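Trainee: I have the model open and would like to work through its internal spaces. Can we take them one at a time?

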Amino acid sequence: MTRVSFTSRPGTLVFDENDNEKHEFSASDVLDKRETDWRSMWISIFLQLLVGVQVSVYYMSMWPYLQKLDKTADVDFLGWIVASCNIGSTISNPIYGYWNQRTMSVKTPVIIGFLIAAVAQTWYGLLSLFPHAKWFMLAARVMTGLGVGNIAALRIYAATASTPKDRMKAISYGTGGFVLGISFGPVLSAFFTPLGENGWKLGAIYINMFTVVSFLMTVVCLAACVIVQIFFKENYVGIIEENEPGSESNVMIPKYDLIGALICIYLFMIVNIIATNIEVMSTPLTTVLYDWKDSQSILYNGIALCCCCIVSVALNIILGSTRLGKLDKRIQMLIGLGFFLLYQVFMYPWNFYSGPLDYLPDGKDTDVAGGCYQTYEWCKWTTRVPLPIYLICFIVFFGVAFPFVESPSAALYSEILGPRKQGNMQGLFSLGGSLAPVIGSLSSTALFQATGFRYVMVYQAGILVIGAVLVLVFYKRLVPLRLKSIKKT
């Protein structure tokens with residue numbers, strides 16, 4: 001038997017027991033002979049879209065709904081409710097990853113996740129039945145997070161059920177699906193604003209612009225379970241087993257570069273921090289900036305987010321299907337970080353912007369008028385970001401930045417790990433993406449309430465600069481795992 005060696009560095013020689021140099025060939029030849037099952041992959045992409053919708057559908061309507069249900073809730077508590085879904089996902093992501101690692105099953109954990117989410121969404125629609133509703137809303141969103149943590153299993157499938165030549169396409173399209181879902185969720189919520197905040201009553205249940213969405217999400221979750229059970233087939237063509245039968249080589253999977261993997265996780269985390277902050281804060285932010293009442297903030301931000309979604313999804317498709325996707329993933333990530341930084345620069349309340357901000361009329365709330373609460377002392381010295389700049393930042397900068405960081409970081413992460421079972425590590429990757437918004441939403445809503453959005457922008461710019469520095473410093477370690485092996489003798 002020939003001794004086998006793998007290396008991440010070109011030019012390494014491999015010898016047998018007699019120290020005779022042996023001819024090497026790429027282990028990727030084994031994978032190149034396989035084909036990605038695109039029918040199941042497209043189902044996986046569609047399911048990632050549904051997960052994104054479940055996560056974000058209440059982002060813009062949550063604040064007015066919370067105020068309607070429980071007057072004791074403030075913006076700080078809103079941060080906890082936003083974080084609660086991600087807290088649930090943080091708990092469940094590694095569980096779904098471990099489940100896949102042990103069983104090599106995606107189908108079962110995905111179905112269980114959607115069933116849990118269905119219960120949570122129904123609960124959210126029935127919040128008016130409970131006293132102290134803010135705590136029950138918090139619990140409903142935690143349960144939603146426990147369900148949609150199944151995104152970890154779907155990401156594992158994209159990374160391990162695609163061949164190397166299809167991996168960027170599979171992950172980009174999956175990311176595009178999730179981004180589309182994240183972006184479409186608030187748009188879907190805005191679509192039902194004509195029902196109004198009061199709507200009508202069906203027995204003890206209120207049917208209004210807030211609750212009808214939750215009942216629709218319940219139906220969507222149950223339909224997803226049926227689709228997975230009937231149509232989804234698992235085929236892990238991206239995994240190489242050691243000494244795989246039928247291969248012409250003795251295949252061994254080397255250790256991956258931990259530093260490179262951790263940097264990819266960090267980049268994924270900061271993208272999710274910023275995405276959550278922008279979407280969650282858009283309603284209270286535009287209420288104080290442009291004096292929009294709640295329904296206007298939900299509708300106008302929903303339209304802006306829809307346009308942003310079009311930009312992001314289009315770029316994800318381009319990255320997955322054109323030569324642009326062949327651009328070095330490290331360069332792609334630096335481009336995305338640059339656009340994120342542009343967002344922070346233009347959205348900072350510079351002194352040359354007009355100001356200060358207006359306060360709410362006496363006796364009025366944000367359901368009938370826009371402006372700052374009297375407790376917001378910072379409105380007295382905060383300037384107003386011009387509306388055209390806000391829209392350009394939201395639609396263009398955010399729309400371009402997201403796919404240029406999330407897609408390549410996810411694809412590069414799977415390539416750094418190599419063609420092995422990735423359940424535990426992909427669970428860790430998804431955990432980072434879920435934990436980040438918890439940190440971001442809590443810190444940002446607290447900063448917003450105490451000091452305005454000025455230091456939110458500074459804070460976000462800081463974590464982006466750290467990400468760019470990490471990419472540049474460890475540039476040579478952010479490369480796919482290179483496999484080499486020896487033909488059997």
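Trainee: Which elements each supply at least two residues of the lining of the largest cavity?
Mentor: This is a predicted model. Its largest cavity has a volume of about 200 Å³. Of the 21 residues that line this cavity, Val55, Asn86, Phe178, Asn272 and Gly433 are the closest to its centre. The elements that each supply at least two lining residues are H2, H4, H7, H8, helix H10 (258-290) and helix H14 (423-451).

Trainee: Which element gives the largest share of the lining of the largest cavity?
Mentor: Look at the domains before the helices. The lining draws at least three residues from each of domain 1 (35-237) and domain 2 (251-483). The largest share is five residues, and it comes from H10.

Trainee: How many residues of each class are in the lining of the largest cavity?
Mentor: Sort the lining into nonpolar, polar and charged. Gly counts as polar here. The lining of the largest cavity then has 11 nonpolar, eight polar and two charged residues.

Trainee: How many cavities of 30 Å³ or more does a search of the whole structure find?
Mentor: The largest, at about 200 Å³, is one of them. The second largest holds about 140 Å³ of space. With the cut-off at 30 Å³, the count for the whole structure is five.

Trainee: Where does the second largest cavity lie with respect to domain 1 and domain 2?
Mentor: Its lining has 16 residues, with Gln48, Arg155, Ile171, Thr175 and Ala410 nearest the centre. H7, H8, H13 and H14 each give two or more of the lining residues. Because domain 1 (35-237) and domain 2 (251-483) both contribute to the lining, the second largest cavity lies between them.

Trainee: How do the residues lining the second largest cavity divide by class?
Mentor: Use the three classes again. The lining of the second largest cavity divides into nine nonpolar, five polar and two charged residues.

Trainee: Now the second largest pocket. Which element supplies the largest share of its lining?
Mentor: About 280 Å³ of space lies in this pocket. Among its 20 lining residues, Met168, Gly325, Lys326, Lys329 and Glu415 are the closest to the centre. Helix H8 (164-191), helix H11 (294-321), helix H12 (329-347) and helix H13 (387-417) each supply at least two lining residues. The largest share, five residues, comes from H8.

Trainee: Why does the second largest pocket lie between domain 1 and domain 2? And how many of its lining residues are charged?
Mentor: Both domain 1 (35-237) and domain 2 (251-483) give residues to the lining, so the pocket lies between them. By class, the lining has eight nonpolar and four polar residues. The number of charged residues is eight.

Trainee: Which helices do the buried residues of H5 pack against?
Mentor: Helix H5 (residues 107-125) has 19 residues and reaches 28 Å from first C-alpha to last, close to the 27 Å expected. Its buried residues include Lys107, Val110, Phe114, Gln121 and Tyr124. They pack against helix H2 (38-56), helix H3 (62-69), helix H4 (75-103), helix H6 (133-148), helix H7 (151-160) and helix H9 (211-231).

Trainee: Last, the protein as a whole. What percentage of its residues are buried?
Mentor: The secondary structure comes to 15 helices and four strands. Of contacts with a separation of 6 or more, 82% join residues 24 or more positions apart. Buried here means under 20% relative accessible area. Of the 489 residues in the protein, the buried share is 58%.

Terms used:
Residues numbered from 1 in each chain as written. Predicted model: local features only at pLDDT ≥ 70, side-chain atom pairs only at ≥ 80, totals over all residues. Heavy atoms only, no water. 1 Å grid on protein atoms, 1.4 Å probe; cavity = no way out; pocket = protein on both sides within 12 Å on 5 of 7 lines; lining within 4 Å. Points joined across faces, edges and corners; volume = space filled by probe spheres on them. Domains from an automatic or database assignment. Expected span 1.5 Å × (residues − 1). Buried < 20%, exposed > 50% of the residue type's maximum accessible area, 1.4 Å probe, protein only. Contact = heavy atoms within 4.5 Å.
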